[in-house]
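Please open the model in a viewer and keep the sequence at hand. The tour proceeds by selection, and each stop states what is to be found there.

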Amino acid sequence: VILTLARLSFGETYKGYDNVIASLASVATKAKEQGYDIAYLLCGKYDIKEYERIQQIINEYGVAHLVKITGFVPDDEVQDH
């Protein structure tokens, strides 16, 4: 499981989770060859423009089955994720 916990804002696209999404297909293929599954949890409050941008990237790379966007995660639930 790969986890990113950040505010997902259209005005802050420098955080790199889009790069993680872009590399997931390749990482998942290599992991599967070694008997592992990959999941990416993208956690944090988001604005609608950024959510739409992320969804577009997920669709572009065909990794919807690997990515879960959770939205806001309260402090007392972060460790569970």
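**A pair of tyrosines**

Begin by selecting Tyr46, which counts as partly exposed because its relative accessibility is 35%, between the limits of 20% for buried and 50% for exposed. The model is a predicted one. Add Tyr51 to the selection; Tyr51 is likewise partly exposed, with a relative accessible area of 27%. How many aromatic pairs does the structure hold? The count comes to one aromatic pair. The ring centres of Tyr46 and Tyr51 lie 4.8 Å apart and their planes meet at 25 degrees, so the pair is stacked, given that planes under 30 degrees apart count as such.

**Along helix α2**

Next, select residues 48-61, which form helix α2. With 14 residues at 1.5 Å a residue, α2 should span 20 Å, and the distance of 20 Å between its end C-alpha atoms agrees with this. Colour Glu50, Arg53, Ile54, Ile57 and Ile58, which are the buried residues of α2. Turn the view to look down the helix axis: these buried residues fall within an arc of 140 degrees, so they line one face of α2. An α-helix has 3.6 residues a turn, so residues three or four places apart point the same way.

Against which elements do the buried residues of α2 pack? They pack against α1 (17-33), β2 (40-43) and β3 (67-71). Rotate to the other side of α2, where Ile48, Gln56, Asn59 and Glu60 are exposed. Just after the helix, select Gly62, which takes a positive phi of about 65 degrees.

**Thr4 and strand β1**

Move now to strand β1 (residues 2-5) and select Thr4, which lies in this strand. Is Thr4 buried or exposed? Thr4 is buried, because its relative accessible area is 18% and the limit for burial is 20%. Display the side chain of Tyr40 as well: a polar contact of 2.6 Å joins it to the side chain of Thr4. Beyond its neighbours within four places in sequence, Thr4 is in contact with Tyr17, Tyr40, Leu41, Leu42 and Cys43.

**Across the strands**

Select β2 together with β1; the two strands pair in the parallel sense over four bridges. Thr4 stands opposite Leu42 in β2. Within β2, Tyr40 and Leu42 point one way, whereas Leu41 and Cys43 point the other way; all four residues are buried.

Extend the selection to β3, which runs parallel to β2 and is joined to it by four bridges. Which residue of β3 does Leu42 stand opposite? The residue opposite Leu42 is Ile69. Side chains alternate along β3: Val67, Ile69 and Gly71 point to one face and are buried, while Lys68 and Thr70 point to the other face and are not buried.

**A last stop on helix α1**

Finally, select Val20, found in helix α1. Val20 counts as partly exposed because its relative accessibility is 24%. Draw a distance from its C-alpha atom to that of Thr4: the two residues are 16 apart in sequence and 9.4 Å apart in space. Leaving aside neighbours within four places in sequence, Val20 is in contact with Ile2 and Tyr40. Tyr40 thus links back to an earlier stop, as the partner of Thr4 in the polar contact of 2.6 Å.

Terms used. Residues are numbered from 1 along each chain as its sequence is written. This is a predicted model: local features need pLDDT of at least 70, side-chain atom pairs count only at pLDDT 80 or more; totals for chains, interfaces and linings use all residues. Side-chain values use heavy atoms; hydrogens and water are left out. Rings of Phe, Tyr and Trp (its six-membered ring) pair if their centres lie within 6.5 Å; planes under 30 degrees apart count as stacked, over 60 as edge-to-face and the rest as tilted. Buried means under 20% relative accessible area, exposed over 50%, partly exposed in between (1.4 Å probe, protein chains only). The expected span of a helix is 1.5 Å times one less than its number of residues. The arc is that of the directions from the helix axis to the C-beta atoms. Contact means heavy atoms within 4.5 Å. A polar contact is a pair of N or O atoms within 3.5 Å; within protein, one must be able to donate a hydrogen and the other to accept it, and residues adjacent in sequence count only if both atoms are side-chain atoms. Two strands pair if DSSP finds at least two bridges between them.
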